[in-house]
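Colleague: Got a minute? I'm new to this one and would like a quick tour.

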Amino acid sequence: MLMSVDADLMRVLADPLRFRIVTLLAEETLCSTHLIEETGARQTNLSNHLKVLREAGVVETEPCGRFTYYRLKPEILSSLAGRFAELAATARATVENDVKRSCP
C-alpha cells in the first residue's frame with residue numbers, strides 16, 4: 001500500500017498544469033513570467049499551482065530582484081520513482097511466484 005506522503009505527492013503531480021510545470025522545471029530554472037509564457041496559464045492560476053508545488057516540497061524558490069525563480073527538487077521525484085520501482089519489483093515477484101489469496 002502506498003504511504004500517505006506518496007499518495008499526496010501523486011495527487012499534487014496528477015494535475016495537468018502542475019505536471020507541465022514540473023516538466024518545464026526539469027529542463028531549466030524559470031521565473032513565473034517564463035512559466036506563464038510556456039503554459040498559457042493566467043498569473044493567478046499559475047501562482048496557486050506553484051504554491052501547491054512549493055508546499056509539497058517539489059519546487060524551491062530563488063529570489064532574483066523583482067522576480068522569483070523556481071527550481072525543481074529532483075530528490076523528491078527520485079524518492080517517488082524509487083517507491084514505484086519497489087512496487088514493480090513486488091508485483092513482478094508476486095506474478096513469478098503465483099501468489100494469490102485463496103477464496104473462502
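Colleague: How are α3 and α4 oriented to each other?
Modeller: Their axes cross at roughly 110 degrees and come within 10 Å. So α3 and α4 are roughly perpendicular to each other (65 to 115 degrees counts as that). Axes are lines fitted to C-alpha atoms, for helices over the stretch in contact, and angles run from 0 to 180 degrees between N-to-C directions. Helices here are DSSP runs of H or I, at least four residues; strands are runs of E, at least two.

Colleague: Which residues make the contact?
Modeller: From α3, Ser32, Leu35, Ile36 and Thr39; from α4, Gln43, Leu46 and Leu50. Contact means heavy atoms within 4.5 Å.

Colleague: Is this a predicted model, and how do you number and filter?
Modeller: The model is predicted; local features need pLDDT of at least 70, side-chain atom pairs count only at pLDDT 80 or more, and totals for chains, interfaces and linings use all residues. Residues are numbered from 1 along each chain as its sequence is written, and side-chain values use heavy atoms, leaving out hydrogens and water.

Colleague: Now the sheet. What's the strand order?
Modeller: β1-β3-β2, an open sheet with antiparallel pairing. Strands pair if DSSP finds at least two bridges between them. The edge strands are β1 (30-31) and β2 (59-64).

Colleague: How many bridges join β1 to β3?
Modeller: 2. Cys31 stands opposite Tyr69 in β3.

Colleague: Which strands does α2 lie across?
Modeller: β1, β2 and β3, and α2 (residues 16-27) runs at about 90 degrees to β3. Helix α4 also packs on the sheet, touching β2 and β3.

Definitions and conventions
Angles under 35 degrees count as roughly parallel, over 145 as roughly antiparallel, 65 to 115 as roughly perpendicular and the rest as oblique.
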